[in-house]
Amino acid sequence: DNPIEIMWKLEGQRISEDLDSRYSIREQTLDDGMVSELGIIHAYRHDTGIFTCHASNSYGQDEMTIQLIVQEVPEMPKNIRVNDQHSRSLQLSWTQPYAGNSPITSYIIQYKLVSELWQAQPERVMVPGAHTLATIQNLSPDSSYHFRILAENRLGSSEPSEVIQVTTQEEVPTGSPIDVRAEAKSSTELLVTWEAPPRESWNGNLLGYYVGYAEVASVN
């Protein structure tokens, strides 16, 4: 019965419009009681908690609890590390970020060559949300890459993580010297010349060349 006094609490602390202007309390008196509505403008993650509506009059008191969970996109992954590194692949790990009160469904690893700009659709690898470890393959030897990671839940994607730079290891050249020529300088001396293999086949820094020869048996 009226008059009824209504009080709202969050985690046991009384909510006051004077202390936080984001909260608004609207009350309407009816013939059979009262309606009280609590509104929150621009809810943030710290608004997550147990709200209590406490009603009392001269005959007694009662209360009802409501659990509010504020959901948002995840934070960016952190602590990105290179665990294993080869000439054409590497393994990355990272720390699971705050999920935004909604399970992380996937991670998106984006990468590019250092010499390139980030494109709207860069190279990427999708990783299930339960994993914080991934292997990136089909890289080029002795090449410097930028990597960044985004976390994704059903509300959207996080901001990209900090960018890390990684250079893949070298491997043996996949190309041979070209335009190889031999010229007799005397009865005991040959001059051998050649051009370097195509640059994309070096797979690292060329340290030198091996020049081999063998005597060919004469044919009578």
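**Three domains, two cores and a pocket**

Trp 202 sits in the segment that follows strand S16 (189-195); helices (H or I, at least four residues) and strands (E, at least two) are DSSP runs, numbered from the N terminus. The model is a predicted one, in which local features need pLDDT of at least 70 and side-chain atom pairs count only at pLDDT 80 or more, while totals for chains, interfaces and linings use all residues. Residue numbers start from 1 along each chain as its sequence is written, and side-chain values rest on heavy atoms, with hydrogens and water left out.

Back to the tryptophan. With a relative accessible area of 21%, Trp 202 is partly exposed, a class that falls between buried (under 20% relative accessible area) and exposed (over 50%), worked out with a 1.4 Å probe on protein chains only. Setting aside residues up to four places away in sequence, Trp 202 touches Glu 171, Val 172, Pro 173, Ala 196 and Pro 197, where contact means heavy atoms within 4.5 Å. Ile 178 is 24 residues from Trp 202 along the chain, and 13 Å separate their C-alpha atoms.

Pro 173 turns up again in the pocket. Together with Asn 205, Leu 206, Leu 207 and Gly 208, Pro 173 is among the residues nearest the centre of the largest pocket, which has a lining of 13 residues. The space in this pocket comes to about 160 Å³. To find such spaces, a 1 Å grid is laid over the protein atoms alone: a cavity is a set of points where a 1.4 Å probe fits but cannot get out, a pocket is an open set with protein on both sides within 12 Å along at least five of seven lines, and lining residues have an atom within 4 Å of a point. Grid points are joined across faces, edges and corners, and the volume is the space filled by probe spheres set on the points. By type, the lining splits into eight nonpolar, three polar and two charged residues; here Ala, Val, Leu, Ile, Met, Phe, Trp, Tyr, Cys and Pro count as nonpolar, Asp, Glu, Lys and Arg as charged, and the others, Gly among them, as polar.

Zooming out, the chain is assigned domain 1 (5-68), domain 2 (78-167) and domain 3 (173-213), with bounds that come from an automatic or database domain assignment. Taken over C-alpha atoms, the centres of domain 1 and domain 3 are 84 Å apart.

Then there are the cores. A nonpolar core is a set of buried Ala, Val, Leu, Ile, Met, Phe, Trp, Tyr and Cys residues joined through side-chain atoms within 4.5 Å. The largest one has 19 residues, and Leu 92, Trp 94, Ile 109, Ile 136 and Phe 147 touch the most other members. Strands S8 (90-95), S9 (106-113), S11 (133-136), S12 (144-153) and S14 (164-167) each give two or more residues to this core, with S12 giving the most, at four. Apart from this core lies another, made of seven residues, including Leu 10, Ile 15, Tyr 23 and Phe 51.

Leu 92 has a long contact list: beyond its neighbours within four places in sequence, it meets Arg 81, Val 82, Asn 83, Ile 109, Thr 132, Leu 133, Ala 134, Ile 136, Phe 147 and Ile 164. One of these partners, Leu 133, lies in strand S11 and is partly exposed, at 42% relative accessibility. Leaving out the same sequence neighbours, Leu 133 contacts Asn 83, Gln 91, Leu 92, Ser 93, Trp 94 and Val 127. Ile 80 is 53 residues from Leu 133 along the chain, with 9.8 Å between their C-alpha atoms.

Two residues stand out for their backbone. Asn 101 is not a glycine, yet has a positive phi of about 60°; Asn 101 lies in the loop between S8 and S9 and is partly exposed at 32%. Asp 179, not a glycine either, has a positive phi of about 55°. Asp 179 belongs to strand S15 (residues 178-186) and is partly exposed at 41%. Ala 184, also in S15, counts as exposed at 55% and touches Glu 189 and Leu 190, residues up to four places away in sequence not being counted.

Finally, Glu 5 lies in strand S1 (residues 5-10) and is partly exposed at 49% relative accessibility. Outside its sequence neighbours up to four places away, Glu 5 touches His 54, Ala 55 and Ser 56, while its C-alpha atom is 41 Å from that of Glu 75, 70 residues apart along the chain.
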